[in-house]
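Hi everyone, thanks for making time for this. I'll walk you through one structure, going from the whole chain down to a few side chains.

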Amino acid sequence: MNKKKIYRKVAKEYGVSVQEVKKEMQAALDYSYRNTPDDGVTGAWQNKVPRKGEAPTPDELLRYACGELAVSDKKTR
């Protein structure tokens, strides 16, 4: 599934616009990257997501997640 379809599906499910989905995703990403626990694990997982800024954009996160799912799917075949 591509990013546009994911955004549309989430927007439809929650009765909001695609822009609202992206806005809320960005707010959640910003918060989670600013408030990372000092457990060493969360930060390590966050650092796996390629990003240009301090926190990934929703597009950057989905690109990474879709790529990881594709790799995982190939391994289970």
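I'll begin with the overall picture and then visit some residues one at a time.

Before anything else, a word on what you're looking at: this is a predicted model, where local features need pLDDT of at least 70, side-chain atom pairs count only at pLDDT 80 or more, and totals for chains, interfaces and linings use all residues. Residues are numbered from 1 along each chain as its sequence is written, and side-chain values use heavy atoms, with hydrogens and water left out.

So how confident is the prediction? pLDDT is the predictor's confidence in each residue, on a scale from 0 to 100. For this protein the mean pLDDT is 93, and 95% of the residues reach 70 or more. If we go element by element, helix 2 has the highest mean, 98, while helix 4 (residues 58-75) has the lowest, 87. Keep one rule of thumb in mind: where pLDDT is low, the predicted coordinates should not be read in detail.

Now the fold. There are four helices and zero strands, so the pattern along the sequence reads α-α-α-α, with helices (H or I, at least four residues) and strands (E, at least two) taken as DSSP runs and numbered from the N terminus. The C-alpha trace spans about 35 × 35 × 20 Å along its principal axes.

How much of the protein is buried? Of its 77 residues, 18% count as buried. Here buried means under 20% relative accessible area, exposed means over 50%, and partly exposed is in between, with a 1.4 Å probe and protein chains only. The protein exposes about 6000 Å², and carbon and sulfur atoms supply 55% of that. Those areas come from the Shrake-Rupley method with a 1.4 Å probe, and for residues only the protein chains shown count as cover.

Next, contacts, meaning heavy atoms within 4.5 Å. Take the contacts with a separation of 6 or more: residues 24 or more positions apart account for 42% of them.

Okay, let's zoom in. My favourite spot involves Q46, which lies in helix 3 (residues 41-46). Is Q46 buried or exposed? Q46 counts as buried, because its relative accessibility is 11%. Leaving out residues up to four places away in sequence, Q46 touches S32, Y33, T36 and R51.

One of those partners, T36, sits in the loop between helix 2 and helix 3. T36 has 25% relative accessibility, so we call it partly exposed. T36 and Q46 are 10 residues apart in sequence, and their C-alpha atoms are 8.9 Å apart. What joins their side chains? A polar contact of 2.7 Å does; that term means a pair of N or O atoms within 3.5 Å, where within protein one must be able to donate a hydrogen and the other to accept it, and residues adjacent in sequence count only if both atoms are side-chain atoms.

S32 joins this picture too. The side chain of T36 reaches the backbone oxygen of S32 at 3.1 Å, and a polar atom of the Q46 side chain lies 3.2 Å from the backbone oxygen of S32. Beyond its neighbours within four places, T36 is in contact with T42, G43 and Q46.

Let's move to the loop between helix 1 and helix 2, where we find S17. S17 is partly exposed, because its relative accessible area is 34%. Its side chain reaches the backbone nitrogen of E20 at 3.0 Å.

V16 is in that loop as well, between helix 1 (3-14) and helix 2 (18-34). V16 counts as partly exposed because its relative accessibility is 35%. Together with V10 and Y14, V16 forms a nonpolar surface patch of about 270 Å² of accessible area.

Two last stops. Y31 lies in helix 2 and counts as exposed, because its relative accessibility is 53%. The C-alpha atoms of Y31 and A55 are 8.7 Å apart, with their positions 24 residues apart along the chain.

Finally, L61 is in helix 4 and is partly exposed at 25% relative accessible area. Setting aside neighbours within four places in sequence, L61 is in contact with L29, V49 and P56. L61 and V49 are 12 residues apart along the chain, and their C-alpha atoms are separated by 6.6 Å.

That's my tour, thanks for listening!

Key
Patches are made of residues with over 30% relative accessible area and no salt bridge: like charges are joined within 9 Å, nonpolar side chains (Val, Leu, Ile, Met, Phe, Trp, Tyr) within 5 Å. A salt bridge is a side-chain nitrogen of Lys or Arg within 4 Å of a carboxyl oxygen of Asp or Glu.
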